[in-house]
Amino acid sequence: MLDIPALRAALLAWYDAQARDLPWRTGPAAGKAGQRSDPYRVWLSEVMLQQTTVPHATPYFLGFIQRWPTVSDLAAVDDGDLMAAWAGLGYYARARNLLACARAVANDHGGVFPDTEEALRALPGVGAYTAAAVAAIAFDREANVVDGNVERVMARLLAVETPVPDAKPELKRLAGDLVTGERPGDWAQALMDLGATVCRPKSPLCALCPVSAWCEGLKTGLPETFPRKLKKPARPHRHGVAYVLTRGDQTALVRRPPKGLLGGMLGLPTSDWRSEPWLDEEAAAAAPAAGAWLEFGTVDHVFTHFSLTLRVLRAETNADGDFVWTEPAGLSGLPSVFLKAVKAGRERLV
Ligand code: SF4
């Protein structure tokens, strides 16, 4: 049975002594003296940290704060300037959301962040995690702040056997059981620090862990095997036919549909890609033009979600069609799956 008060006391005492010094953070001593973190800084840092590490995000954070010290300053920035300042943090949709949120706070809330999780969640681009983090850290609200680090700590602490992602609701509930009205902001940050510095994804430093006495994962002898993960399903295999249609040196390309795999890119005409191999008559019937189609072997390619074998057929033609006739030099920029097929089709010619 987990002794929640004792575990909380141990982790908060560790945080009081070991809290990371972060430029957006008001440390535990200052917090006890009544100082709170600036919600603008907390929000900005949380958005930056969603896809990158503290060392990578820190110079960006400092640059932003220097140029735009308040959320109203940020709200007034030109979109292009913000995108340029964000370059290197990736995920530009996040930068656009950042600006939309800053403008909502400036225009609809008088430049003052709302102080409840619910009202924060209503701001553009603010998800459940960020709303909880800002509510807890900046306003000391009793919020359950659960990111991947906290999920890992919970899975280990309680030796949760359900694999992720199915375990996520359970891990969130377990994390919520540990949140109380006492120092909720420090609690959230203590858990974050524990996950980032001690209960690390690989090689957790259990000998230094302030909550090791309660850790069921440690008792198993293999704490790093938590959270359990589902085995990845085998990658399905598909078959298709690629048609190398030539007119002298030129090769016929087609523009792929804007959505879907390799969307909007030029490629060879192909059949559908399906689980069964294509028979000769089916391959001929699916060809983009009539012609004396010759067999040029197969090429294999592996995509993220499936692998593909393409039969390569080639024909010389003067056929009209919605083709982009392309000289050899123009073929080098093709996606590699088509480049392989073109090479197979053309090299065997000579
Ligand atoms: Fe993580 Fe080890 Fe601490 Fe358990 S004892 S919470 S596995 S660092």
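Arg8 places its charged end over the ring of Trp187, 4.7 Å from the ring centre. A second contact of this kind joins Arg238 and Phe306, where the charged end sits 4.3 Å from the centre of the ring. Do keep in mind as you look around that this is a predicted model.

**Domains**
- The domain assignment splits the protein chain into domain 1 (4-145 + 168-193) and domain 2 (237-346).
- Taken over C-alpha atoms, the centres of domain 1 and domain 2 are 50 Å apart.

**Aromatic pairs**
- The count of aromatic pairs comes to ten.
- Trp273 and Phe303 make a stacked pair, with 5.9 Å from centre to centre and 25 degrees between the planes.
- Why is this pair worth a look in sequence terms? Trp273 belongs to the loop between strand 3 (266-267) and helix 14 (280-285), while Phe303 belongs to the loop between strand 4 (294-302) and strand 5 (307-316), so the pair ties together parts that are 30 residues apart in sequence.
- Both Trp273 and Phe303 are buried.
- Phe323 and Trp325 meet edge-to-face instead, at 5.8 Å centre to centre and with 75 degrees between the planes.
- Phe323 is buried, and Trp325 is buried too.

**A ring cluster**
- Tyr40, Trp43 and Phe113 are joined into a cluster by ring pairs.

Definitions and conventions. Residues numbered from 1 in each chain as written. Predicted model: local features only at pLDDT ≥ 70, side-chain atom pairs only at ≥ 80, totals over all residues. Heavy atoms only, no water. Domains from an automatic or database assignment. Phe/Tyr/Trp six-rings, centres within 6.5 Å; stacked < 30°, edge-to-face > 60°. Helix = DSSP H or I, 4+ residues; strand = E, 2+ residues; numbered from the N terminus. Buried < 20%, exposed > 50% of the residue type's maximum accessible area, 1.4 Å probe, protein only. Lys NZ or Arg CZ within 6 Å of the ring centre and 35° of its normal.
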